[in-house]
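Let's take a friendly walk through one protein model. Have a look at the sequence and the structure, and then read on.

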Amino acid sequence: MNYDAVAVGKNDLAAGLSFLQDQAARAKFAWLSANLVSKSDLRPLFPASLIRQVGSLSVGVIGLTGHDGSIRFGENEDAVLIPWQKALPDIVANLAARCDLLILLSNNVMNENQAIAESFPDIHIIIQSTPRSGNIVPQLKNKSLIAQTGKQGKYLGWMSIDWQKSKTWGRLGATKELATKKLELDGINGRMSRIERREKKENLPANNSYQALLASRDRLLSEIIFLENELHDLKESGQTPSTYENHFIPLEVNLPDQPEVKKIVETAKLSVNQAGRSQADQSATSPALPELQLEKLVFTGWKGCAACHSPQTTFWEKTAHASAYQTLSEEEQQFNLDCLPCHVTAEYKDIKISNDASVLLALPVQLQQVGCELCHGPGKKHTATQDPADIARIPEIFICIRCHTSERDEEFTYDNDIERIACPASQRQ
Ligand code: HEC
Ligand code: HEC
Ligand code: HEC
Ligand code: HEC
């Protein structure tokens, strides 16, 4: 893809720092991070920035590693992440003095990037990349445009920039608007002269189409003059605003299905499932692993609720949630640990059935669905007390989006989708 630069992200560090440094040394592009530094002497572990000459422009690029607290370094890794508040001031000041355009590559979340935009008016573009978001159309915050392209190469983000000396983003598209209006004017002039050739001059005042075109032409002319004046004034004061155009180009839909590739993927998926299946068989016979008996687990299982909540159970059984594990079986993926967490009952907020992921391979049948307790919370106590206070009634949005991520379910909206799965009210006597 001819990259120039990539910011070091959280996931890039998954295989350890030295692995990444090794990869970076071999890459044809630069890995940047302004805030990933050595613990002992705060020396940067990757270059913080680079400058590229593009035509007559000097473009500065800074990399920033997301700081959400979830990055842990090993005991003997001499690395620490410092907050952007500390890392950015010097480097931004330095580059702003030397560059015409300054770009920040940041895998922080939107709130954080907006705060950065508020603090650093010298940053002109922030390219965000967070796993939770898909495509984000550029939005102006303070002096910076913040934009993101959906992850995993599904889209190519394409931004064409007309960068002016003013170094500010102007009223978007004034130049483009002017060009469109001029084209429109050409069209109208053409149609008017066709009528003029056909009709006698004295008949024109009574020709409705001609009069309508005349009115449009006058309106367009005054709009064009207004826009030209506006742009002229801006240019005179050296303030011609910079403009951009943005497109997201979907990559996937244009790729033809390649039978050979598809076969390799299918085979790989089946062998992952096979490996999981053997692991599950072993777990079942291994005395060392926890006995997965329902009584000993944090979740009750849906049948435990059915006795007292039959209308809700009957409803739930008809939803796709009840057959979520079945779906995996049909795909021969029911032993794939990459799939199970979202297709079984094993996690609610910070409560996990086990820290050992392989436990998912040997769950009791009653937990092999997206069950009641994933939305209402573990129900052991409530089952005993029957007290509504011991169970959650309405699942909040963050319960859903753990599974309905933008990647798995692009169309998910809480307000619409909750209607489709909300259990019916009980008949009260
Ligand atoms: C032994 C009977 C019993 C069992 C078992 C039981 N519940 Fe309940 N549940 C009740 C009663 C009684 C209420 C209160 C009903 C009312 O207020 O109308 C209730 C209320 C609820 C409510 C509404 C809470 C509210 O704030 O209004 C939910 C949700 C619920 N139960 C879910 C579950 C789930 C999930 C399970 C299984 C883990 C379960 N219940 C098991 C008896 C039971
Ligand atoms: C543990 C993961 C998980 C959670 C939590 C979850 N879902 Fe789902 N949801 C799924 C899966 C998996 C499917 C698809 C199952 C299938 O097709 O086999 C699904 C399907 C659906 C469907 C389609 C239902 C149908 O019958 O066609 C809707 C709507 C939905 N979920 C809404 C929600 C809402 C709203 C929430 C939060 C209150 C939520 N889900 C919570 C995993 C989850
Ligand atoms: C992050 C949670 C998550 C993970 C991980 C996950 N799924 Fe799902 N899956 C969902 C949700 C949510 C839906 C429902 C999507 C919808 O309603 O459009 C779903 C639906 C499905 C469906 C039915 C709808 C469809 O798209 O055809 C299949 C099949 C499926 N998943 C297979 C898998 C497989 C195979 C894996 C592992 C390789 C997997 N899932 C991993 C959350 C997940
Ligand atoms: C995907 C999420 C989800 C799942 C799974 C789910 N529910 Fe619900 N449930 C809801 C929602 C949403 C409501 C409606 C809450 C409201 O608006 O009052 C609800 C309401 C209820 C109520 C209260 C009904 C009343 O009297 O108003 C009970 C009881 C209940 N559910 C039991 C169950 C049981 C039992 C299961 C499993 C068999 C189950 N739910 C599975 C989301 C879920």
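Which residue in strand 7 is the bridge partner of Val59? The partner is Leu101.

Before going further, note that this is a predicted model, in which local features need pLDDT of at least 70 and side-chain atom pairs count only at pLDDT 80 or more, while totals for chains, interfaces and linings use all residues. Residues are numbered from 1 along each chain as its sequence is written, chains are lettered from A and ligands numbered from 1 in the order in which they are written, and side-chain values use heavy atoms, with hydrogens and water left out.

**The sheet**

Strand 5 (residues 57-64) and strand 7 (residues 101-106) run parallel and are joined over 6 bridges. Strands here are DSSP E runs of at least two residues, and helices are H or I runs of at least four, both numbered from the N terminus. Two strands pair if DSSP finds at least two bridges between them. An open sheet of 6 strands has the order 4-5-7-8-10-9, with mixed pairing. At its edges are strand 4 (49-54) and strand 9 (136-141), each of which pairs on one side only. From one strand to the next, the twist averages 20°.

Helix 2 (residues 84-98) lies across strand 4, strand 5 and strand 7, at about 170° to strand 5. Contact means heavy atoms within 4.5 Å, and angles run from 0 to 180 degrees between the N-to-C directions of axes fitted to C-alpha atoms, for helices over the stretch in contact.

**The ligands**

Around ligand 4 there are 22 residues, and the closest are Cys372, Cys375, His376, Arg393 and Cys423. Around ligand 2 there are 21, with His321, Thr327, Cys400, Cys403 and His404 coming nearest. A residue is near a molecule if one of its heavy atoms lies within 4 Å of it.

Some polar contacts (pairs of N or O atoms within 3.5 Å) are listed here.

| Ligand atom | Protein partner | Distance |
|---|---|---|
| Ligand 4, nitrogen | His376, side chain | 2.8 Å |
| Ligand 4, oxygen | Arg393, side chain | 2.5 Å |
| Ligand 4, oxygen | Ser426, backbone | 3.1 Å |
| Ligand 2, nitrogen | His321, side chain | 2.7 Å |
| Ligand 2, oxygen | Arg420, side chain | 3.2 Å |

What about the metal? The iron atom of ligand 3 has a single protein donor, His343 (NE2), 2.3 Å away. Donors are N, O and S atoms within 2.8 Å of the metal (3.2 Å for Na, K and Ca), and water is not among the atoms, so sites may look incomplete. His343 sits in the loop between helix 9 (324-330) and strand 13 (347-348).

How values were computed:
A polar contact is a pair of N or O atoms within 3.5 Å; within protein, one must be able to donate a hydrogen and the other to accept it, and residues adjacent in sequence count only if both atoms are side-chain atoms.
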